[in-house]
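This report describes one protein model for a reader who is new to structural work. Please look at the sequence and the structure before reading on.

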Number of protein chains: 2
Amino acid sequence: MNLTGDMLIGQQAVTGSRDAIQAINPATNERLEPAYAGGTQAEVERACELAWAAFDPYRETSLEARAKFLETIAEQIEALGDTLIERAVAESGLPQARIQGERGRTCGQLRLFARVVRDGEWLDVRVDPALPERQPMPRVDLRQRQIGLGPVVVFGASNFPLAFSVAGGDTASALAAGCPVIVKAHSAHPGTSELVGRAIQAAVKQCGLPEGVFSLLFGSGREVGQALVTDPRVKAAGFTGSRSGGLALWKAAQSRPEPIPFYAEMSSINPVFPLPAALEARGKEMGEAFVASLNMGAGQFCTNPGLVIAVKGPALDAFVAAAGEAVKASGSQTMLTPGIFEAYESGVKGLAGSGKAREIARGDKGDGPNQCQTGLFVTAAQDFLGDEALQAEVFGSTSLVVECADAAELKQVTEHLEGQLTITLQMDDADLDAARELLPTLERKAGRILVNGWPTGVEVCDAMVHGGPFPATSDSRTTSVGTAAIHRFLRPVCYQNLPDALLPEAIKQNNPLALKRLVDGKREG
Amino acid sequence: MNLTGDMLIGQQAVTGSRDAIQAINPATNERLEPAYAGGTQAEVERACELAWAAFDPYRETSLEARAKFLETIAEQIEALGDTLIERAVAESGLPQARIQGERGRTCGQLRLFARVVRDGEWLDVRVDPALPERQPMPRVDLRQRQIGLGPVVVFGASNFPLAFSVAGGDTASALAAGCPVIVKAHSAHPGTSELVGRAIQAAVKQCGLPEGVFSLLFGSGREVGQALVTDPRVKAAGFTGSRSGGLALWKAAQSRPEPIPFYAEMSSINPVFPLPAALEARGKEMGEAFVASLNMGAGQFCTNPGLVIAVKGPALDAFVAAAGEAVKASGSQTMLTPGIFEAYESGVKGLAGSGKAREIARGDKGDGPNQCQTGLFVTAAQDFLGDEALQAEVFGSTSLVVECADAAELKQVTEHLEGQLTITLQMDDADLDAARELLPTLERKAGRILVNGWPTGVEVCDAMVHGGPFPATSDSRTTSVGTAAIHRFLRPVCYQNLPDALLPEAIKQNNPLALKRLVDGKREG
């Protein structure tokens with residue numbers, strides 16, 4: 001497939017007329033063809049118009065048809081073969097094996113949502129049958145189901161060019177919920193975006209769905225994104241990226257005449273707590289495993305462990321020493337974009353120049369462009385508490401160890417943390433009481449709590465929470481990974497006393513879809 | 001029980017020091033003793049401090065203990081006996097039978113949430129067991145449960161001094177979710193608020209719960225409400241009231257360094273669509289039944305039918321004529337407060353003076369103070385579409401009939417509507433196709449769709465949705481009435497690879513609470 005540099009609006013390919021974006025291979029700094037001219041208000045208007053027209057019919061497609069659509073997208077993505085892999089590697093600087101794994105995850109995720117759609121539990125069907133004889137007042141027949149919110153805008157993320165981008169988690173869950181999707185492509189990987197966008201476009205056609213179910217727009221500045229988020233026909237949005245970018249779009253979404261849900265996943269430093277007994281027993285191995293997690297994807301995971309919090313002493317020293325050795329032995333890795341590399345360099349320089357963080361080790365500097373040099377710093381708890389700059393995310397493979405005087409100071413630091421995607425405990429049996437003491441605070445601070453693992457793996461499953469209190473996300477009530485993500489794009493509607501002929505299939509009297517239901521307070525099915 | 005005029009902060013009674021509020025009996029305009037001096041920042045601070053301290057222990061109370069607490073509140077409210085009824089009647093001007101019914105609903109609602117808590121389905125337990133042999137990567141053990149968001153602020157509503165106030169739906173669902181509650185009392189019924197607040201305070205003590213689980217504050221202006229909503233320890237709020245009041249507090253909640261969910265139920269005109277065949281067959285009876293619904297509680301229900309939309313012609317004329325007769329025969333009713341009465345008068349005057357709405361009938365003017373005089377007006381669809389003032393809620397028993405030229409214009413008016421709590425169809429079998437044609441639009445516009453009933457009854461049950469798209473509420477993804485309301489105050493937490501000894505009871509390996517669970521994608525229990 002040849003890349004055209006076009007936007008995809010419904011079944012059309014449309015060439016933009018605004019400033020073009022062009023991908024840069026971060027491993028070489030060379031520009032990759034073609035250029036992608038940006039969209040205007042007119043293209044936003046057209047994409048929203050089509051999405052709006054598609055919404056009512058698409059949300060009433062059968063469960064089977066919608067599941068098949070998700071599976072067809074996965075097939076179409078797989079059919080792109082090495083073309084997709086090569087382009088994504090070139091645009092992201094990520095290793096081929098990682099991109100192949102990410103494609104597997106992306107397609108697996110689409111198929112998982114197909115299972116979710118078929119299962120129908122997301123419809124949350126509730127039936128309270130009429131009780132005409134009830135005293136003092138009869139009860140009328142009441143039925144509830146969930147419907148899609150409306151067209152959803154998805155902002156592709158830079159760090160997972162497949163799994164959190166055009167056909168990533170937000171798109172999969174919104175389509176599963178019955179919402180048309182308009183993707184604003186991330187400017188770092190427009191070619192990957194076009195390829196995946198064409199796969200979805202082909203799936204829409206193959207499945208005979210209204211064309212407005214999917215569109216893909218490009219734009220170099222904030223114009224297209226702002227226009228999409230403020231269009232009255234758009235009813236929700238999903239975003240993964242920086243805190244400043246996320247908050248700006250979130251504010252736009254809240255300032256509309258009709259505010260809409262805006263799911264931003266923004267920043268997290270994912271603290272790791274090595275507890276005393278574990279530190280004593282296996283500080284060295286732990287230090288090495290920690291750096292392996294820190295280095296994953298050049299530290300560009302949302303769940304990268306950017307902070308270690310522990311009580312100071314010889315055991316922590318041993319951990320830091322081992323981690324320092326591992327950092328020194330860390331090869332450099334290509335970062336996603338020149339901009340991310342510059343921000344990383346500036347963040348590390350800020351740490352080093354703060355006067356409050358001591359450099360323990362740096363990895364190999366590398367000699368190509370945009371090379372991430374791993375880093376490890378140490379600071380004292382009171383310095384950390386007193387300096388907001390030390391608490392900010394440095395996106396890349398640098399981490400900060402916070403040395404606490406004792407368990408009380410460690411608790412103080414923990415209570416002071418902002419909301420996080422993850423918090424990790426490294427613990428042995430003898431740490432159980434300390435862990436139990438910390439747990440309520442950790443639950444208030446994070447969406448996922450891990451023991452004796454590392455936060456950089458995010459399983460796509462029913463129990464996953466990829467979310468957390470602000471500023472990790474803009475809405476702690478939800479997750480952007482895993483099957484529960486579908487609920488972000490749904491709302492309940494109650495039907496009172498409708499004739500069976502008028503009721504949607506999902507809530508008809510004789511339950512033709514054989515759905516699980518809550519009937520008169522009791523689970524059925 | 002003697003009323004003291006105190007605020008209730010944990011187990012203490014505290015006399016305020018700011019401008020006092022004093023209830024007015026709207027039937028007589030006489031002031032009712034005692035005066036309730038308003039709280040200051042110091043009392044807000046103390047209530048939030050106690051609520052914060054109570055949060056961790058309260059959210060880990062057993063399901064049985066929490067359910068018993070809700071039931072104890074109901075018993076304590078019932079134990080207030082006629083004292084509560086008399087005071088609520090005096091403060092609201094509502095008839096005794098209505099207040100008695102509302103007490104039954106309030107206590108029934110608390111007991112329904114006790115059932116919900118015991119059942120434990122709200123915990124939404126999900127378990128993805130470890131798959132150590134999985135290729136290419138093993139899966140770790142992942143478990144999810146829901147926990148409370150944190151302390152919740154509840155703003156009492158004027159129109160249901162029991163069911164939407166101190167121990168109303170928001171309080172019941174937040175307490176059920178494991179969240180301490182701080183109520184900002186509505187200034188129209190401080191005595192009722194104190195009585196119910198003391199009942200909850202007694203229940204907290206009787207159940208041996210941390211005192212910060214409940215506090216009740218008074219305040220005449222916006223100071224106390226704003227301070228509560230912007231306190232960093234408050235993690236969500238529920239509000240029922242005016243659009244301007246709701247939006248001001250919503251904005252404060254969104255402007256915090258950490259924005260929080262703010263559930264405002266604000267305004268709805270609850271359109272009724274008499275479809276042609278039904279109108280033809282029973283326009284007269286329908287007109288009479290409509291006015292009966294319009295007059296319920298002096299039109300001060302959130303779901304009061306303030307708008308009728310139909311195709312013009314002799315059948316609609318007959319409906320309007322019958323409704324007009326019923327309006328003429330409508331006795332006056334005391335409104336809740338002098339302020340609400342004035343706003344009603346001004347709203348009706350606005351309709352009458354718009355030059356675009358024709359007065360069909362008015363009811364009895366009454367001769368006491370604050371008497372709601374029922375009203376019925378008619379306008380043309382194009383006038384309605386062109387004038388936002390005609391689309392605004394008039395809180396009270398006045399309704400506007402919008403005459404459409406044909407089905408196409410009716411569709412246009414329908415698409416133009418703002419979000420609503422309810423939309424009602426009056427239809428016969430021959431209207432089925434027309435209803436089917438309208439239904440997708442109605443689903444996009446309202447939280448509840450009724451056929452051949454009237455919107456003013458709101459059943460408290462599993463299937464109810466008392467919510468809807470903005471501006472009916474600030475968050476269409478939820479409901480404020482019915483058991484699904486508990487989800488407003490919950491967020492998911494994922495536990496990865498925790499030792500069983502550290503896991504919360506709800507998600508331990510052997511399921512000691514015998515909860516329903518989603519295990520490896522399959523429903524159990």
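The following text treats the domains, one lysine and the symmetry of the copies.

This is a predicted model, in which local features need pLDDT of at least 70 and side-chain atom pairs count only at pLDDT 80 or more, while totals for chains, interfaces and linings use all residues. Residues are numbered from 1 along each chain as its sequence is written, chains are lettered from A and ligands numbered from 1 in the order in which they are written, and side-chain values use heavy atoms, without hydrogens and water.

By an automatic or database domain assignment, chain A has two parts. Their centres, taken over C-alpha atoms, are 33 Å apart.

| Domain of chain A | Residues | Residues in the contact (heavy atoms within 4.5 Å) |
|---|---|---|
| Domain 1 | 7-266 + 477-488 | 18 residues |
| Domain 2 | 271-451 | 16 residues |

A:Lys184 belongs to strand β10 (residues 181-184) of chain A; strands are DSSP runs (E, at least two residues), numbered from the N terminus. A:Lys184 is buried, that is, under 20% relative accessible area (1.4 Å probe, protein chains only). Nevertheless, A:Lys184 has no salt bridge, defined as a side-chain nitrogen of Lys or Arg within 4 Å of a carboxyl oxygen of Asp or Glu. The nearest side chain of opposite charge, that of A:Glu223, is 10 Å away; Lys and Arg count as positive, Asp and Glu as negative, and His and the chain ends are not counted.

Chain A is superposed on chain B by a rotation of 180° with 0.0 Å of shift along its axis (RMSD 0.0 Å), by least squares on the C-alpha atoms of residues with pLDDT of at least 70 in both. This is therefore the relation of a two-fold axis. In chain A, the C-alpha of A:Gln254 is the nearest to the axis, at 4.1 Å.

Terms used. Helices (H or I, at least four residues) and strands (E, at least two) are DSSP runs, numbered from the N terminus. Buried means under 20% relative accessible area, exposed over 50%, partly exposed in between (1.4 Å probe, protein chains only).
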